[in-house]
Amino acid sequence: MNAYSTSAVKAASATTPAAAAAPETPAIERSALRLPNDRWKALEIVFWLLPVASYFFFPDYLVLISQIMIIGLFAMSLDLILGYAGVVSLGHAAFFGLGAYTAGLLSVHGWGEPISGLFAAAIVAAVAGFIVSFLVIRGQDLARLMVTLGIGLMLFEAANKAAFITGGVDGLSGMVMQPLFGAFEFDLFGKTAFWYSFGVLFILFVAMRRLVNSPFGLSLRGIREGGRRMPAIGANVDRRLVAVFTLAAAVAGVAGALLAQTTQFVGLDVLGFPRSAELLIMLVLGGTGRLYGALVGAAVFMIAQDKISGYDPTYWQFYIGLLLVLIVLFARGGILGGLEKIVASFKRKEAP
C-alpha cells in the first residue's frame with residue numbers, strides 16, 4: 001500500500017459515524033497532513049521573477065548571479081539524496097567535476113555545441129553515479145561518508161595525475177563555445193550565460209519539483225524517516241536509492257558542464273573536497289529537503305562570500321562560520337525552516 005492508498009483509506013474512514021463524532025482537527029494541522037502537490041504558489045512565482053529582475057537592476061553582477069544559479073542547481077542535486085533520501089555524501093563534487101571535464105574536453109577537441117555538451121556531461125556523471133551507488137547503499141551514514149569522500153579524493157588525484165588530458169593544476173583552458181542555438185554568442189558581460197543558466201536551472205527545477213512530489217518522492221521521504229520499514233509496504237529501498245543517486249549525479253554533472261561552458265575554463269578545484277564541503281554548508285543554511293533551500297543557501301553563501309571576502313580577505317571564513325553557527329542554533333531547518341516556523345506561530349495566534 002503506497003502513500004496515496006493510505007490517504008484514501010483515511011479519507012474513507014473519515015465518513016464513518018465514529019470519525020464524524022471525533023473532534024475536528026485544527027486547520028493548521030490538517031494542512032500539514034496534506035500530500036504535496038504541483039500547484040504553484042504566488043510566492044514561488046515571485047521567487048522566480050527575482051532573477052529576471054536582477055538582470056535589469058544589477059547588470060554589473062550578471063557573472064556572479066549566473067554562478068549562484070549554477071551552484072544552486074548543484075546544491076539541489078545533493079538535496080535530492082541528502083534532504084529527501086537521507087543519504088549523506090562528502091564527495092558529490094566528483095560528479096560535478098566529471099560533468100565539467102566532459103563539457104570542457106568536448107569543447108577543446110572541437111565540439112563546442114552547448115546543449116549536446118550538457119547531455120554528454122549528464123550521461124557521463126549518471127553512469128559514474130550508477131556505479132558508485134551500489135557501494136553507497138551497502139553501508140550506513142559513516143560508511144557512506146567514507147565511500148563518497150574516498151571516491152572524490154581518488155578522482156581528484158586521477159585528474160591531477162592525468163595533466164596531459166585535464167591540464168592538472170593549471171586547469172583545462174582553450175575552450176571555445178559555439179553560439180547558443182547558433183545565434184547567441186557567449187559574451188564577456190555574461191548576458192548569454194545568464195539566460196542559459198537560468199533556463200537550464202528552471203527546467204531542471206520543475207522536473208525535480210515534480211519528482212519529489214510524486215509517489216517516488218514520497219517513498220524517498222519514507223526511506224529517510226525509516227528505511228527499514230519501507231519494505232513492509234512493498235517498496236524496494238535499494239532500487240530507489242540507486243535511482244535517486246544516479247539522477248542526482250546526472251544533475252550535478254549538468255551543473256558542472258554549465259560552469260565550464262559559461263566560464264570556458266575547468267580548474268582542478270571542481271573535483272576538490274572543499275567544494276563538497278561548501279555544498280553541505282549551503283544546504284544547512286537554506287534548509288534540506290525543500291529544493292528552494294538549496295537555492296536560498298547557495299545565494300546567501302555566495303553573496304556573503306563575495307561581500308565579506310572583499311571586506312576582510314584574510315579572515316572572511318570566520319564570519320561564514322559565525323553565520324552557520326547562528327543558523328543552526330536559532331533557525332533549525334535552515335533559513336526556510338526558520339521562516340516556516342515564524343509563519344506557523346503567527347497562524348496559531350490568529351487561529352480561534
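**A tour from helix α15 to Leu98**

Begin by selecting helix α15 together with its surroundings in this predicted model: the elements that cover the buried residues of α15 include α13 (273–286), α14 (292–311) and α16 (334–350).

Next, hide the neighbours and keep α15 alone, residues 316–330. Picking its two end C-alpha atoms gives a separation of 22 Å, which agrees with the 21 Å that its 15 residues should span at 1.5 Å a residue.

Within α15, now show the side chains of Trp316, Ile320 and Ile327, which are buried. These residues cover an arc of only 40° around the axis, and therefore they lie on the same side of α15. Then turn to the face directed away from that buried side, where the exposed residues Phe318, Leu329 and Phe330 are carried.

From here, bring back α13, one of the helices covering the buried residues of α15, and select Arg275, which is found in α13. Is Arg275 buried or exposed? Its relative accessibility is 18%, and because buried means under 20%, Arg275 counts as buried. Leaving aside residues up to four places away in sequence, Arg275 touches Ile71, Phe74, Ala93, Phe96, Leu259, Asp269 and Val270, so a selection of these residues displays the contacts of this side chain's residue in one view.

For the last stop, move to helix α6, residues 93–108, and select Leu98, which is found there. With residues up to four places away in sequence again not counted, Leu98 touches Ala128, Leu155 and Leu271. Of these partners, Ala128 is 30 residues apart from Leu98 along the chain, and the C-alpha atoms of the two are separated by 8.6 Å.

Technical notes. Residues are numbered from 1 along each chain as its sequence is written. This is a predicted model: local features need pLDDT of at least 70, side-chain atom pairs count only at pLDDT 80 or more; totals for chains, interfaces and linings use all residues. Side-chain values use heavy atoms; hydrogens and water are left out. Helices (H or I, at least four residues) and strands (E, at least two) are DSSP runs, numbered from the N terminus. Contact means heavy atoms within 4.5 Å. The expected span of a helix is 1.5 Å times one less than its number of residues. Buried means under 20% relative accessible area, exposed over 50%, partly exposed in between (1.4 Å probe, protein chains only). The arc is that of the directions from the helix axis to the C-beta atoms.
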